[in-house]
Amino acid sequence: MWRWGNLLLAFLVELVALGIFAWWGWEVDGTTWARWLLAIGLPLVTAVVWGLFAAPTATRGTPAVRWIVKVLVFGLAGAALWSLGHPLLAVVFVVVVAANLLIIHTQKLQP
């Protein structure tokens with residue numbers, strides 16, 4: 001239960017990060033066309049990079065690259081949430097992500 005609960009939480013925070021990028025992209029000043037492009041493009045590019053380098057089944061990169069990508073994605077998602085005017089949610093998001101990653105890493109809960 002502990003293992004699968006933490007892995008489920010890891011998956012959920014990944015989805016939340018994609019949602020934050022879409023939200024941030026939509027809220028950026030600019031034309032409607034640019035906002036749509038960012039709202040769709042940012043999560044799409046993030047998902048591709050995640051799949052290539054940070055996903056449990058990623059075949060590219062090293063463990064160091066995997067951690068760098070995770071820190072960048074979650075850190076930028078937290079920063080985006082902060083810039084959207086939700087600093088408390090940003091801090092909670094980053095703390096939950098950090099605790100989850102720490103538990104998964106120290107307990108060796110990789111799928």
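A residue counts as buried under 20% relative accessible area, as exposed over 50%, and as partly exposed in between, with a 1.4 Å probe and protein chains only. By that rule, Leu9 is partly exposed, because its relative accessible area is 31%. Leu9 lies in helix H1.

This is a predicted model, in which local features need pLDDT of at least 70, side-chain atom pairs count only at pLDDT 80 or more, and totals for chains, interfaces and linings use all residues. Residues are numbered from 1 along each chain as its sequence is written, and side-chain values use heavy atoms, with hydrogens and water left out.

## The whole chain

The chain has four helices and zero strands. Read from the N terminus, the order of elements is α-α-α-α. Helices (H or I, at least four residues) and strands (E, at least two) are DSSP runs, numbered from the N terminus.

How does the radius of gyration of the chain agree with that of a compact globule? For 111 residues, such a globule would have a radius near 13 Å; the chain has 15 Å, which agrees. The radius is taken over C-alpha atoms, and the globule rule is 2.2 Å times the number of residues to the power 0.38. The C-alpha trace spans about 45 × 30 × 25 Å along its principal axes.

Of the 111 residues, 27% count as buried. The chain exposes about 7100 Å², and carbon and sulfur atoms supply 77% of that area. Accessible areas come from the Shrake-Rupley method with a 1.4 Å probe; for residues, only the protein chains shown count as cover.

Contact means heavy atoms within 4.5 Å. Take the contacts between residues at least 6 apart in sequence: 52% of them join residues at least 24 apart.

## Helix H1 and its partners

Helix H1 covers residues 2-27. Its 26 residues should span 38 Å at 1.5 Å a residue, and its end C-alpha atoms are 37 Å apart, which agrees. The expected span is 1.5 Å times one less than the number of residues.

Which residues of H1 are buried? They are Asn6, Leu7, Ala10, Val13, Ala17, Ile20, Phe21 and Gly25. These buried residues pack against helix H2 (32-53), helix H3 (63-83) and helix H4 (87-106).

Asn6 deserves a separate look. At 8% relative accessibility, Asn6 counts as buried. Beyond residues up to four places away in sequence, Asn6 touches Asn100, Ile103, Ile104 and Leu109.

Asn100 sits in helix H4. Asn100 is buried too, with a relative accessible area of 2%. Leaving aside neighbours within four places in sequence, Asn100 is in contact with Asn6, Leu9 and Ala10.

## A nonpolar surface patch

Leu9 also belongs to a nonpolar patch on the surface. The other members are Leu8, Phe11, Leu12, Leu15, Leu88, Val92 and Val96, and the accessible area together is about 690 Å². H1 and H4 are the elements that give two or more residues to the patch. The largest share, five residues, comes from H1.

Patches are made of residues with over 30% relative accessible area and no salt bridge; like charges are joined within 9 Å, and nonpolar side chains (Val, Leu, Ile, Met, Phe, Trp, Tyr) within 5 Å. A salt bridge is a side-chain nitrogen of Lys or Arg within 4 Å of a carboxyl oxygen of Asp or Glu.

## Residues in H2, H3 and the loop

Trp36 is in helix H2. Trp36 is partly exposed, with a relative accessible area of 47%. Outside its neighbours within four places in sequence, Trp36 is in contact with Trp26 and Gly41.

Ala58 lies in the loop between H2 and H3. Is Ala58 buried or exposed? Ala58 is buried, with a relative accessible area of 16%. Not counting residues up to four places away in sequence, Ala58 touches Gly51, Leu52, Phe53 and Arg66.

Gly75 belongs to helix H3. Gly75 is partly exposed, at a relative accessible area of 36%.

The table lists C-alpha to C-alpha separations for three pairs.

| Pair | Apart in sequence | Apart in space |
|---|---|---|
| Trp36 and Trp26 | 10 residues | 6.4 Å |
| Ala58 and Val91 | 33 residues | 28 Å |
| Gly75 and Trp36 | 39 residues | 23 Å |
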